Amino acid sequence: MNDSHLRNALLLAQSAIKLTNPNPRVGCYIEDASGRVLGQGHTQKAGGPHAEVMALRDAAEKGNSVEGATAYVTLEPCSHHGRTGPCCDALIQAGIKKVVATNLDPNPLVAGNGFARLRAAGVEVEVLAPDHPLAVQSRELNIGFFSRMIRKTPWVRMKVAASLDGTTALDNGASQWITGPDARADGHAWRARSCAILTGIGTVLADRPRLDVRLVDTPRQPHLVVVDSTLETPPDAPFFIAGRAVFIYTNGQNASKRAALEQVGATIVDMPERNPQGELTGKVDLAAMMRDLGRREINELHVEAGFKLNGSLVRAGLVDEFVVYLAPKLLGQGAGMFHIGPLTELSQGVQLEFKSTEMVGPDLRVVARVQGRDRF
């Protein structure tokens, strides 16, 4: 096996990071026995060709026969009819002799069936060990897809911009802009890779945000999810953009406000929370909302909300990862990142592991993951 070819396939998959949702980001690289590249490609937008078909088309357009060739792919070729036909059949029909893959597809409709069909057709199959660095990189690239397929909920990533002392807004509400333009553009890149952006009604009313992707190029806009217990979302909110799905989760009351929001394209989802005694709390059941978003094919959920909703999500154990931008300034008293206390013991804190730290312009970006959240 040639690791460099799988690395090339991973580069192809990474180039599709903003494109393929809700499908996984997959790359395919085909070479002949002499090591000559015959074709390459990555998965297109949902409903379009997958990586294997794109690579086969690329080879055909170049006049290259793939008979007896090896295909390097970053995920098991699919074996079912979804929006497209089975990729394993396309490889078999093209005469591919060997398939090298980084990971098993966690989709229950595939989950080894693609490899089984390839082997049954006489195609040699090699799959990396789960702890192989390239298998780990490939899984990380599609961590939201793995989360949705295995846990049935999205991978939840919370973005926060704060001063070095953790202030996200002054007491008077002023928060624009704590971090610089480079950090804001980087934040939009994280938005662009997500299936949906989540916010709360407090942010909607206070900031009237668009919560779209503007500062980086993107072929698609993420969906928007609003936690709004009492349906206070204004029908003229700036985030109602033609062609963009907006889901508003509510406590199931205030039916009189639904029609105006549905008229501008919102999908209203009743998700009332009940306490252990079965009584309605008047809030949205956040855990149930995550399960519902999983059913709606949301892989990565990008959270940009105020400290109250942030705290509720953290307390409920629903956040997997944090992307925190720290500005080189002290702002003192004001709103924090999230409210999760007061705690009485240090052991009650949320245990994190730092994944990366990087300067983004004058600001520091810290990516931290809740310990154990990626073990599924």
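Here is a walk through the two sheets, the pocket, the cavity and a few contacts of this structure, which is a predicted model.

Let's start with the sheet of five strands. It is open, its pairing is mixed, and its order reads S2-S1-S3-S4-S5. Strand S2 (37-42) and strand S5 (124-127) sit at the edges with a single partner strand each, so one side of each has no neighbour in the sheet. On average, neighbouring strands here are turned by 15° against each other, direction ignored. At the S5 end, strand S4 (residues 98-101) runs parallel to S5, and four bridges join the two. If you want one of those pairings to look at, Ala 101 has Val 127 in S5 as its bridge partner.

Helix H4 comes in over this end of the sheet: it lies across S4 and S5 and runs at about 150° to S5. H4 (residues 113-120) also carries Arg 117, while Asp 89 lies in helix H3 (residues 87-94), so a link between these two residues ties together parts that are 28 residues apart in sequence. That link is a salt bridge between the two side chains of Asp 89 and Arg 117, at 2.6 Å from N to O. The count of salt bridges for the structure comes to 25.

Now for the other sheet. This one is open too, with nine strands in the order S11-S10-S9-S8-S14-S6-S15-S18-S17 and mixed pairing. Its edges are strand S11 (266-270) and strand S17 (352-360), and each has a single partner strand, so one side of each is left without a neighbour in the sheet. From one strand to the next, the twist averages 20°. Strand S9 (residues 223-227) and strand S10 (residues 246-250) pair in the parallel sense over four bridges, and Val 227 finds its bridge partner in Tyr 249 of S10.

Two helices to look at next to this sheet are H7 and H11. Helix H7 (residues 181-193) packs on the sheet and touches S6, S8, S14, S15, S17 and S18, with its direction at about 165° to that of S15. Helix H11 (residues 307-315) lies across S6, S8, S9, S14 and S15, and runs at about 135° to S6.

The loop between S17 and S18 is where you'll find Pro 362. Leaving aside neighbours within four places in sequence, Pro 362 is in contact with Asp 182 and Pro 328. Pro 362 and Ala 183 are 179 residues apart in sequence, yet their C-alpha atoms are 8.4 Å apart in space.

H11 turns up again at the largest pocket, where it gives the most to the lining, with six residues. The elements that give two or more residues there include S6, H7 and helix H8 (201-207). The pocket holds about 1,400 Å³ of space. It has 50 lining residues, and the closest to its centre are Thr 203, Glu 304, Ala 305, Gly 306 and Phe 307. By class, the lining splits into 21 nonpolar, 16 polar and 13 charged residues.

Finally, what about enclosed space? With a cut-off of 30 Å³ or more, the structure holds one cavity. The largest cavity has about 40 Å³ of space. Its lining includes Asn 21, Asn 23, Asn 142 and Asn 299, along with Arg 25 and Glu 300. By class, the residues of this lining are two nonpolar, five polar and two charged.

Terms used. Residues are numbered from 1 along each chain as its sequence is written. This is a predicted model: local features need pLDDT of at least 70, side-chain atom pairs count only at pLDDT 80 or more; totals for chains, interfaces and linings use all residues. Side-chain values use heavy atoms; hydrogens and water are left out. Two strands pair if DSSP finds at least two bridges between them. Axes are lines fitted to C-alpha atoms, for helices over the stretch in contact, and angles run from 0 to 180 degrees between N-to-C directions. Contact means heavy atoms within 4.5 Å. On a 1 Å grid over the protein atoms alone, a cavity is a set of points where a 1.4 Å probe fits but cannot get out, and a pocket is an open set with protein on both sides within 12 Å along at least five of seven lines; lining residues have an atom within 4 Å of a point. Grid points are joined across faces, edges and corners, and a volume is the space filled by probe spheres set on the points. Ala, Val, Leu, Ile, Met, Phe, Trp, Tyr, Cys and Pro count as nonpolar, Asp, Glu, Lys and Arg as charged, and the others, Gly among them, as polar. A salt bridge is a side-chain nitrogen of Lys or Arg within 4 Å of a carboxyl oxygen of Asp or Glu.
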